[in-house]
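Work through the exercises below with the sequence and the structure side by side. Try each task before reading its solution.

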Amino acid sequence: MKVKNPSSSAGQSPRQNQLLAALPSADYERLLPDLELVPLELGRAVYESGGEERYAYFPTNSIVSLLYVMEDGSSAEIAVVGNEGVVGIALFMGGESTPSRAVVQSAGYGYRLRPGVLKTVFRLGGDLQHLLLRYTQALITQMAQTAVCNRHHAVEQQLCRWLLLSLDRLRTNELTMTQELIANMLGVRREGVTDAAGRLQAEGLILYSRGRISVLDRPKLEARVCECYAVVKREYERLLPQAGAN
């Protein structure tokens, strides 16, 4: 579903996406007529594994999880994309599709762009191409660090990393997510998430109730997380323009 008036609906603006906000005015104005505001509902599959990617999505206040799905239906999250990035890097990298699946983790809005428009502007070089390539490098870092984290760190540390990465992409300290879905994202047993969330709640770091997780003490959460969160955060800050930096 497309929102008819992308300039005013839901108080959204393409500039709420940090990649679009970092573009010079001329490049931004060139893309603006083709940017379509769309609602991204919780659980919606933006694209499926191996399927055609029909649009690139620039989230504004939503989060999309990139998941790898096994033959038996089990899955694990390999990266998250929010207002710092774009969903659909295969379109401008030349692959057209990917074995991962993209699912909305936190509902909100985003702007979609047709592949033809994105490819044309990307091939011109310049600021958009430079931004997208640097973003891709940051995303690869997140994917690699997620693989390391899932292999070497405890479920509690993985949960802390997942919470912090998600909060970095939202303007709130609350997430709507069941423990079962978190377990699917992390690729672990639900019991492990229940135990880890219970410990964090008992120590006053989070509050979990009816599918909503509120972070009550972020500094303590950051003190409990493994090194993987800081590695990913530093790389994004190094490679990408930060909100309010321009």
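The exercises that follow concern a predicted model.

**Exercise 1. Two helices in contact**

Task: Determine how α5 and α6 are oriented to each other, and find which residues make their contact.

Solution:
- Step 1. Locate the helices: α5 covers residues 126–152 and α6 covers residues 155–167.
- Step 2. Take the angle between their axes, which come within 10 Å and cross at roughly 155°.
- Step 3. Compare this angle with the cut-off: angles over 145 degrees count as roughly antiparallel. The helices α5 and α6 are therefore roughly antiparallel to each other.
- Step 4. Add the hand of the crossing of α5 and α6, which is left-handed.
- Step 5. List the residues in contact. Helix α5 contributes Gln 142, Thr 146, Cys 149 and Asn 150, while α6 contributes Gln 158, Arg 161 and Leu 165.
- Step 6. Sort the contact of α5 with α6 by class: 2 residues are nonpolar, 4 are polar and 1 is charged.

**Exercise 2. Two residues of α6**

Task: Decide for Ser 166 and for Val 155 whether the residue is buried, partly exposed or exposed.

Solution:
- Step 1. Place the residues: Ser 166 lies in helix α6, and Val 155 is also in helix α6.
- Step 2. Recall the cut-offs: buried means under 20% relative accessible area, exposed means over 50%, and partly exposed is in between.
- Step 3. Apply them. Ser 166 has a relative accessibility of 0%, so Ser 166 counts as buried. Val 155 has a relative accessible area of 23% and is therefore partly exposed.
- Step 4. Look at the surroundings of Ser 166. Leaving aside neighbours within four places in sequence, Ser 166 is in contact with Ile 63, Gln 105 and Leu 175.

**Exercise 3. A sheet and its edges**

Task: Work out which strands stand at the edges of the open sheet with the order β1-β7-β3.

Solution:
- Step 1. Read the order: the sheet has 3 strands, and the pairing is antiparallel. In general, strands of a sheet pair through backbone hydrogen bonds.
- Step 2. Find the strands with a single partner. These are β1 (36–40) and β3 (56–59), so each has one side without a neighbour in the sheet.
- Step 3. Note the turn between neighbouring strands of this sheet, which is 40° on average, direction ignored.
- Step 4. Examine one pair: β3 and β7 (residues 108–113) run antiparallel and are joined by 4 bridges. Tyr 57, for example, has Arg 112 in β7 as its bridge partner.

**Exercise 4. A second sheet and a helix across it**

Task: Describe the sheet with the order β8-β10-β9, then state how α6 runs relative to β8.

Solution:
- Step 1. Read the order: this open sheet has 3 strands with antiparallel pairing.
- Step 2. Identify the edges. Strands β8 (174–176) and β9 (206–209) each have a single partner strand, so one side of each is left without a neighbour in the sheet.
- Step 3. Give the twist, which averages 15° from one strand to the next.
- Step 4. Examine one pair: 3 bridges join β8 to β10 (residues 212–215), and Thr 176 has Arg 212 in β10 as its bridge partner.
- Step 5. Add the helix: α6 lies across β8, β9 and β10, and runs at about 105° to β8.

Terms used. Residues numbered from 1 in each chain as written. Predicted model: local features only at pLDDT ≥ 70, side-chain atom pairs only at ≥ 80, totals over all residues. Heavy atoms only, no water. Axes fitted to C-alpha atoms, helices over the stretch in contact; angles between N-to-C directions. Parallel < 35°, antiparallel > 145°, perpendicular 65-115°, else oblique. Left-handed = near helix turned anticlockwise from the far one by under 90°. Contact = heavy atoms within 4.5 Å. Nonpolar A, V, L, I, M, F, W, Y, C, P; charged D, E, K, R; others polar. Buried < 20%, exposed > 50% of the residue type's maximum accessible area, 1.4 Å probe, protein only. Pairing = 2+ DSSP bridges.
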